[in-house]
Amino acid sequence: MLYSKEIEVAYTPQVLVVGGGMAGFASALAAARNGADTLLIERGGVLGGMATGGLVGPFMTCFNNNDDGKGRDEQLVRGIFDELCLRMEERGGAIHPSKVEGMTSYCSYLWGSHRHVTPFQSEVLSLVMDEMLLEAGVRTLFNVTLSDCVVKDGRIDAVIVSMKEGVKAIKAGIVVDCTGDADAAFYAGVPTILGNGRGTMQPTSLFFEVGNVERGAFLGELEKNKAQLNRHGANCFSWIIREKRKTGEWDIERDELGNYEQNIPGRFKINTTRMAGVDATDTEQISSALIDGRKQVWQVFDFMKKYLPGCEDIQLLQIATALGVRESRHIVGLYTLTAQDIMTPTHFDDAVVSFAYALDMHNAHGGGVTFTCVKDHYTIPYRCLVPKDCDNLLVAGRCISGTSEAAASYRVMPACCALGQAAGTAAAQCVENAIAPAEVDIGKLQKILIEQGAVIKE
């Protein structure tokens, strides 16, 4: 079927950011603060992506990996991310990660890579994000869906979007793809790899929130069984789940209840549902996973009420409207980050992000997880944000150029925010100097990032 229509060029920003999740928010903010006329488009009605629509929380650790108790803790993700955390805390919507320790209710009683997480309220996050972008002069358009990219001479000439007014075109000097699924890059013909390249991706999930938990009984049961905790894959309440699996009263492919208390006592984000084998670039599979996820939410909620101490009168507050996708497309960039780069770690002269979350590989075909902590920290090079075969595109977030194993670390939200800040800052530099992303002066980019609060370690 051939469909042809002349469409209007609705906007001509210097920088267009596609996707308003953590990476997109930081990218747009950084681009605007560094002088670029910036437009952010988001397909939903709220900023935050997985942190709001997906109800994913807390923010995983933004600190280095040191558990020796010798005071060598260092916050690695600062800049825009830290400003966001502090602003939320001022509004009563978060606890700063420096104040949160491991083996507590805030991190589901885990230690490795779970020290210094950031409990937050999703609704407060969205409000603070709006404020920060407005202050910086970013134009944000909601309910705008990316439909295609028109490519000419190796550049994105126009981004095609669907709006309430109809199909429109946006022409931008630099496009930053923060869609999570590398949609803009894919539509522009950039080579991408789906999952591990062999059709396998980490499983999806659907978060939900509960309130009115009687903390004394709930946490008392966990404290009483603390010797059985700090076990990735079979942690909180695993002793109850094991018994109920034998009787057929638990059939979800998880052996624990992932429960993360927010800064409101007795209000928890629950990460326990699991839908494996889902290709998050396929609409029918996404739809089926959402339906299945909501069924599992009811199962988990009823289980909690029936069997977990302190949950007799819990309330179901909300269910995520966005599927929790851990992995889909990865772009092929100028460099592909590997698990070995993370674990060694490799030194990169063009490093723009420092991070330390573990390689968190969820079993693609069912329950369980392989969790491997890193050595203090690692860095991500700028080249991973620069795709091949497109001269005016940058990519930030979980879809940067990396292997499936490497992405199991940097896919979490503090890293996505840091990657977004790096991409947005580079985009502004491209506009200012009329250059392509591959031509960015790395030394100057690093200097600006550090001046604006980023941490770039050796």
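# Exercises on a predicted model

The structure, which is a predicted model, holds 26 salt bridges. The exercises below take up charged pairs, aromatic rings, a helix and some backbone details.

## Exercise 1: Two salt bridges compared by setting

Task: Determine where the partners of the salt bridges Arg 91 to Glu 131 and Lys 447 to Glu 451 lie along the chain.

Solution. Begin with Arg 91 and Glu 131, whose side chains meet in a salt bridge with an N to O distance of 2.3 Å. Arg 91 is placed in the loop between α2 and α3 (122–136), while Glu 131 belongs to helix α3, so that the pair, 40 residues apart, links distant parts of the chain. Glu 131 is partly exposed, its relative accessible area being 27%.

Next take Lys 447 and Glu 451, for which the closest N and O atoms are 2.5 Å apart. Both of these residues lie in helix α11 (residues 442–451), and they are four residues apart, about one turn of the helix. Lys 447 counts as exposed at 52% relative accessibility, and Glu 451 likewise counts as exposed, at 57%.

As a last step, note that salt bridges with shared partners join Arg 33, Glu 83, Arg 87 and Glu 135 into one network.

## Exercise 2: Buried charges with and without a salt bridge

Task: Establish which of Asp 82 and Arg 254 takes part in a salt bridge, and describe the surroundings of Asp 82.

Solution. Arg 254 forms a salt bridge with Glu 256, with 3.4 Å between the closest N and O atoms. Arg 254 counts as buried because its relative accessibility is 6%, and Glu 256 is buried as well, with a relative accessible area of 9%.

Asp 82, in helix α2 (residues 79–90), is also buried, yet it has no salt bridge. The nearest side chain of opposite charge is that of Arg 78, at 4.1 Å, whereas a salt bridge requires the nitrogen to be within 4 Å of a carboxyl oxygen. A polar contact of 2.7 Å does, however, join the side chains of Asp 82 and His 96. When residues up to four places away in sequence are not counted, Asp 82 touches Gln 75, Val 77 and His 96.

## Exercise 3: Ring geometry

Task: Classify the aromatic pairs Phe 237 with Trp 239 and Tyr 335 with Phe 348, and place the residues involved.

Solution. The count of aromatic pairs comes to 12. One of them is formed by Phe 237 and Trp 239, with 6.0 Å centre to centre and 45° between the planes, and this pair is tilted. Both Phe 237 and Trp 239 are buried.

Tyr 335 and Phe 348, by contrast, form an edge-to-face pair, at 5.3 Å centre to centre and with 70° between the planes. Because Tyr 335 lies in the loop between β14 (329–331) and α8 (339–343), and Phe 348 in the loop between α8 and β15 (351–355), the pair ties together parts that are 13 residues apart in sequence. Tyr 335 is partly exposed, with a relative accessible area of 23%, whereas Phe 348 is buried at 6%.

To complete the picture of the rings, Phe 218, Phe 237, Trp 239 and Phe 268 form one aromatic cluster. Positive side chains also meet rings, since Lys 269 lies over the face of Phe 120 at 4.1 Å from the ring centre, and Arg 329 lies over the face of Phe 186 at 3.9 Å.

## Exercise 4: The setting of helix α6

Task: Identify buried residues in helix α6, what covers them and what follows the helix.

Solution. In helix α6 (residues 238–246), Ser 238, Trp 239, Ile 240 and Ile 241 are buried. The elements that cover the buried residues of α6 include α5 (215–224) and α7 (283–307). The helix α6 is followed by Gly 248, whose phi is positive, near 85°.

## Exercise 5: Backbone details in loops

Task: Locate the cis peptide bonds before Pro 58 and Pro 345, and the positive phi values of Asn 143 and Asp 376.

Solution. The peptide bond from Gly 57 to Pro 58 is cis, with omega near 5°, and Pro 58 is found in the loop between β3 (38–42) and α2. The bond joining Thr 344 and Pro 345 is also cis, with omega about -15°, and Pro 345 has its place in the loop between α8 and β15.

For Asn 143, phi is near 55°; this residue sits in the loop between β4 (139–142) and β5 (145–152) and is exposed, with a relative accessible area of 52%. For Asp 376, phi is near 70°; this residue lies in the loop between β17 (369–372) and β18 (378–381) and is partly exposed, at 22%.

Methods: Residues are numbered from 1 along each chain as its sequence is written. This is a predicted model: local features need pLDDT of at least 70, side-chain atom pairs count only at pLDDT 80 or more; totals for chains, interfaces and linings use all residues. Side-chain values use heavy atoms; hydrogens and water are left out. Helices (H or I, at least four residues) and strands (E, at least two) are DSSP runs, numbered from the N terminus. Buried means under 20% relative accessible area, exposed over 50%, partly exposed in between (1.4 Å probe, protein chains only). Lys and Arg count as positive and Asp and Glu as negative; His and the chain ends are not counted. A polar contact is a pair of N or O atoms within 3.5 Å; within protein, one must be able to donate a hydrogen and the other to accept it, and residues adjacent in sequence count only if both atoms are side-chain atoms. Contact means heavy atoms within 4.5 Å. Rings of Phe, Tyr and Trp (its six-membered ring) pair if their centres lie within 6.5 Å; planes under 30 degrees apart count as stacked, over 60 as edge-to-face and the rest as tilted. A charge sits over a ring if NZ of Lys or CZ of Arg is within 6 Å of the ring centre and within 35 degrees of the ring normal.
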